[in-house]
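Biologist: I would like a close look at one part of this protein, with its surroundings described residue by residue. Please start from a single position and work outwards from there.

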Amino acid sequence: MRLVITPHSDRSEEGLLRPVVEAAKAHPELRLQAEKFLSPKLDRDLGDLYWEFYKKFETQKPDLVLISFDRREMVFIALAAHTLGIPIVHMHAGDLGSEHPDEVHRGLVSRLAALMLTNGPRSRKNLIAMGEEPWRVVDVGSTALDGIKLRDSKIVAREYGYDGNAYEIVVYHPDPSSVENTIAELEQITDAVCAQDACDVIWLSPNPDRNREYVERIRANLDRDDGYIIMDSFKSRDDYLSALVGAKLLIGNSSSFALEAPFVTKAKVVWIGNRNRNRERPDKLRIGASKRIVEMLASVDLEKLKKPKKFEVG
């Protein structure tokens with residue numbers, strides 16, 4: 001049986017990987033092992049993450065390592081696999097959605113990867129234009145809508161204690177490269193919330209990025225009496241997506257506003273900053289990416305993947 005290890009940390013990675021893990025359970029020739037880790041609070045601890053996964057990969061000897069998305073932690077984990085000669089499969093590769101530092105991380109993982117799986121044709125073209133061999137880049141689509149079970153948004157609202165008839169959702173991740181940008185963008189959010197009508201504002205916690213403390217400082221000073229509901233996250237991804245269905249407005253820079261929201265809600269999106277603003281959006285509902293990824297992991301020629309990459313530039 002082929003062993004594939006897939007590391008993940010925060011809620012966005014976990015949610016988009018979940019349908020892949022579930023689909024793999026039904027495959028008789030594939031064992032997909034999810035390894036959750038805590039994101040280091042300090043950048044200097046990223047080296048410890050490298051050694052943690054280096055030892056894990058060295059001991060367990062996976063056939064492949066599935067790396068997802070664009071978090072900086074993934075660069076160090078991918079480097080550990082690459083150093084040991086384990087082929088890397090990069091999920092959601094090539095989606096150059098903004099000038100955000102995360103796009104650099106995404107590009108670095110792709111350079112280390114032996115196989116790149118994209119969530120759309122534009123991302124595939126991006127990677128080929130950057131010199132990647134076309135056979136190594138496969139458009140499988142996004143897992144964003146695989147396996148979701150939407151609930152009545154008003155029932156979800158009652159369970160979480162907010163007004164199901166009038167609410168907005170804020171999901172904002174700070175700019176890790178600029179305190180000034182983070183502060184300016186937070187001011188844009190406070191100007192945007194409930195600008196026209198009274199409503200509840202659900203403000204979810206940010207990713208564990210540098211400058212997160214500026215977001216948390218604002219959240220800590222918001223009051224329920226003023227209509228703010230401060231939550232770390234919803235209990236499940238299905239609850240979160242169900243909440244998107246009934247929202248009046250979505251404010252922030254979450255990738256879910258680009259990948260999932262267009263298919264589950266008519267709410268207007270107020271984008272804050274550049275992060276995820278130009279993310280590749282599917283032009284039509286395309287489900288089944290999880291099964292396509294699992295089949296790829298189970299059937300891809302490992303010896304072919306291990307051959308040195310040839311970059312075709314020019």
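Modeller: The position I would start from is H8, which lies in strand β1, residues 2-8. The model is a predicted one, and every value below is computed from it. H8 has a relative accessible area of 7%, and because buried means under 20%, H8 counts as buried. Leaving out residues up to four places away in sequence, H8 touches E13, E14, L17, A34, E35, K36, F37 and M74. Of the elements around it, α1 spans residues 11-25 and β2 spans residues 30-36. H8 also has I67 at a C-alpha to C-alpha distance of 8.1 Å, although 59 residues separate the two in sequence.

L17 leads from H8 to the core, since L17 is touched by H8 and is also in contact with L66. Apart from neighbours within four places in sequence, the contacts of L66 are V4, I5, T6, P7, L17, V20, V89, M91 and L297. L66 belongs to the largest nonpolar core, a set of 27 residues, and is named with L64 and L297 as having the most contacts inside it. The elements that supply two or more residues to this core are α1, β2, β3 (64-68), β4 (88-91), β5 (115-118), α12 (289-299) and α13 (302-305). Among these, α1 provides the largest share, with six residues. Apart from this core lies another, of 25 residues, which includes I229, M231, Y240 and L244. In soluble globular proteins, nonpolar side chains tend to be buried together.

V20, one of the contacts of L66, is also in contact with S290. S290 lies in helix α12, and at 3% relative accessibility S290 counts as buried. Beyond its close sequence neighbours, S290 is in contact with P19, V20, A23, T143 and D146.

Next come the loops that follow two of the strands just named. F69 lies in the loop between β3 and α3, the latter spanning residues 72-83, and F69 is buried, with a relative accessible area of 7%. H92 has its place in the loop between β4 and α4, and at 5% relative accessibility H92 is buried too. The backbone deserves a careful look at both positions: F69 has a positive phi of about 65° although it is not a glycine, and H92 has a positive phi of about 60°, again without being a glycine. Most residues other than glycine have a negative phi.

F69 and H92 are both in contact with R106, which is found in helix α4, residues 101-112. R106 is buried, with a relative accessible area of 3%. Setting aside neighbours within four places in sequence, the contacts of R106 are F69, D70, H90, H92, A93, G94, D95 and R279.

For comparison with a position elsewhere in the chain, S242 lies in helix α9, residues 237-246, and with a relative accessibility of 0% S242 counts as buried. Its contacts, again without the neighbours within four places, are K149, L150, R151, S153, V156 and Y167. Of these, K149 is 93 residues away from S242 in sequence, while the C-alpha atoms of the pair are 8.3 Å apart in space.

These details can be set against the whole protein, which has 13 helices and eleven strands. Of the contacts with a separation of 6 or more, 70% are between residues 24 or more positions apart, and the pairs H8 with I67 and S242 with K149 have sequence separations of 59 and 93 residues. Of the 314 residues, 55% count as buried. The radius of gyration is 20 Å, which agrees with the value near 20 Å that a compact globule of 314 residues would have. Along the principal axes, the C-alpha atoms fill a box of roughly 60 × 40 × 40 Å. The protein exposes about 14,500 Å², of which carbon and sulfur atoms supply 51%. As for charge, there are 46 positive and 49 negative side chains, and the centres of the two sets lie 5 Å apart.

Methods. Residues are numbered from 1 along each chain as its sequence is written. This is a predicted model: local features need pLDDT of at least 70, side-chain atom pairs count only at pLDDT 80 or more; totals for chains, interfaces and linings use all residues. Side-chain values use heavy atoms; hydrogens and water are left out. Helices (H or I, at least four residues) and strands (E, at least two) are DSSP runs, numbered from the N terminus. The radius of gyration is taken over C-alpha atoms; the globule rule is 2.2 Å times the number of residues to the power 0.38. Buried means under 20% relative accessible area, exposed over 50%, partly exposed in between (1.4 Å probe, protein chains only). Contact means heavy atoms within 4.5 Å. Accessible areas come from the Shrake-Rupley method with a 1.4 Å probe; for residues, only the protein chains shown count as cover. Lys and Arg count as positive and Asp and Glu as negative; His and the chain ends are not counted. The place of a charge is taken as NZ of Lys, CZ of Arg, CG of Asp or CD of Glu. A nonpolar core is a set of buried Ala, Val, Leu, Ile, Met, Phe, Trp, Tyr and Cys residues joined through side-chain atoms within 4.5 Å.
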